[in-house]
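Here is a short tour for someone meeting this structure for the first time. Keep the sequence and the model side by side as you read.

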Amino acid sequence: MNRGILVVVSGFSGAGKGTLMKRLMEKYDDYALSVSVTTRSPREGEREGREYFFRTREEFEELIAQDQLIEYARYVDNYYGTPREYVDNQLSAGKDVILEIEIQGALKVKEKMPDTLLLFVTAPSAHELKERLQGRGTESPELIKERLERACEEAEGISGYDYLLVNEELETCVDVMHEIIQNEHYRIGRQQAFVENIVQELKAFVKGE
Ligand code: 5GP
């Protein structure tokens with residue numbers, strides 16, 4: 001069995017990543033979505049262990065000290081990190097794992113694990129991003145401004161990603177994301193187990209076994 005693919009999905013705040021991930025998981029049962037740890041407070045409707053594991057700063061630092069996070073980053077005054085154990089287990093079981101994380105973390109993961117697939121999601125325009133952030137109604141104007149400033153910084157890192165997805169229409173975007181990930185399975189480098197197996201079989205034939 002081949003190992004699963006580690007897929008990182010990043011995107012500007014307001015690009016609709018959350019909805020996109022939710023729909024991808026509903027529509028296709030090929031993926032395991034990693035739940036991150038964060039020090040930010042839960043938003044209305046968010047549940048412990050579903051959107052995030054909500055932890056104090058001290059608890060978060062303890063996880064770092066014990067090397068239990070694959071990566072972590074600071075984002076607008078809070079820490080966010082990816083628990084290692086779940087990701088390792090799922091990949092070993094051949095499942096594709098999705099991390100929905102910001103750009104600093106994404107680039108760290110790529111550095112440590114170069115065969116990670118990096119996808120970047122954006123809304124069709126900056127105007128739309130702002131409208132979506134305002135429409136969400138969960139952040140103050142100052143926080144929206146900070147998130148837009150952060151988007152400007154993040155834009156500089158887009159060229160480090162493998163694919164750009166413009167989230168104009170949700171269903172189309174979900175399907176394109178699924179296709180990209182599925183196509184990735186066909187890379188030779190990801191089919192080593194299969195290649196080795198068939199080579200062994202061929203050698204056995206040649207020897208007349
Ligand atoms: P939010 O507060 O809107 O849920 O998330 C803020 C940002 O943190 C988003 O860009 C999200 O992708 C990112 N994020 C969520 N979990 C992680 C994580 O485990 N690691 C990193 N580096 N970023 C994360």
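Ala, Val, Leu, Ile, Met, Phe, Trp, Tyr, Cys and Pro count here as nonpolar, Asp, Glu, Lys and Arg as charged, and the others, Gly among them, as polar. By those classes, the lining of the second largest pocket holds five nonpolar, three polar and six charged residues. The model is predicted.

**Two pockets**

Stay with the second largest pocket. Arg-40, Asn-78, Glu-139, Leu-143 and Arg-147 lie nearest its centre. S6 and H6 each supply at least two lining residues. H6 has the largest share, with three.

Now turn to the largest pocket. Nearest its centre are Lys-17, Gly-18, Arg-43, Tyr-52 and Glu-100. Its lining divides into twelve nonpolar, twelve polar and 17 charged residues. Helix H1 (17-27), strand S5 (69-75), strand S6 (78-83), H5 and H6 each supply at least two of them. H1 gives the most, six residues.

| Pocket | Volume | Lining residues |
|---|---|---|
| Largest pocket | about 1,200 Å³ | 41 residues |
| Second largest pocket | about 210 Å³ | 14 residues |

**The sheet**

What is the strand order in the open sheet? Five strands form it, in the order S2-S7-S1-S8-S9, with parallel pairing. Strand S2 (31-33) and strand S9 (163-166) stand at the edges with a single partner strand each, so one side of each has no neighbour in the sheet. On average, neighbouring strands are turned by 25 degrees against each other, direction ignored.

Look at one pair inside the sheet. Strand S1 (residues 6-11) and strand S7 (residues 96-100) run parallel and are joined by four bridges. Val-7 has Ile-98 in S7 as its bridge partner. Helix H4 (residues 103-112) packs on this sheet, where it touches S1, S7 and strand S8 (117-122). The direction of H4 makes about 155 degrees with that of S1.

**A helix pair**

Two helices that help to line the largest pocket, H5 and H6, also pack on each other. Helix H5 spans residues 126-136 and helix H6 spans residues 141-155. Their angle is about 150 degrees, and their axes are 11 Å apart. The crossing is right-handed.

Which residues of H5 meet H6? They are Lys-130, Leu-133, Gln-134 and Arg-136. On the H6 side, the contact is made by Ile-144, Arg-147 and Leu-148. By class, this contact has three nonpolar, one polar and three charged residues. Arg-147 of H6 also appears among the residues nearest the centre of the second largest pocket.

Terms used. Residues are numbered from 1 along each chain as its sequence is written. This is a predicted model: local features need pLDDT of at least 70, side-chain atom pairs count only at pLDDT 80 or more; totals for chains, interfaces and linings use all residues. Side-chain values use heavy atoms; hydrogens and water are left out. Axes are lines fitted to C-alpha atoms, for helices over the stretch in contact, and angles run from 0 to 180 degrees between N-to-C directions. A crossing is left-handed if the near helix is turned anticlockwise from the far one by less than a right angle, and right-handed if clockwise. Contact means heavy atoms within 4.5 Å. On a 1 Å grid over the protein atoms alone, a cavity is a set of points where a 1.4 Å probe fits but cannot get out, and a pocket is an open set with protein on both sides within 12 Å along at least five of seven lines; lining residues have an atom within 4 Å of a point. Grid points are joined across faces, edges and corners, and a volume is the space filled by probe spheres set on the points. Two strands pair if DSSP finds at least two bridges between them.
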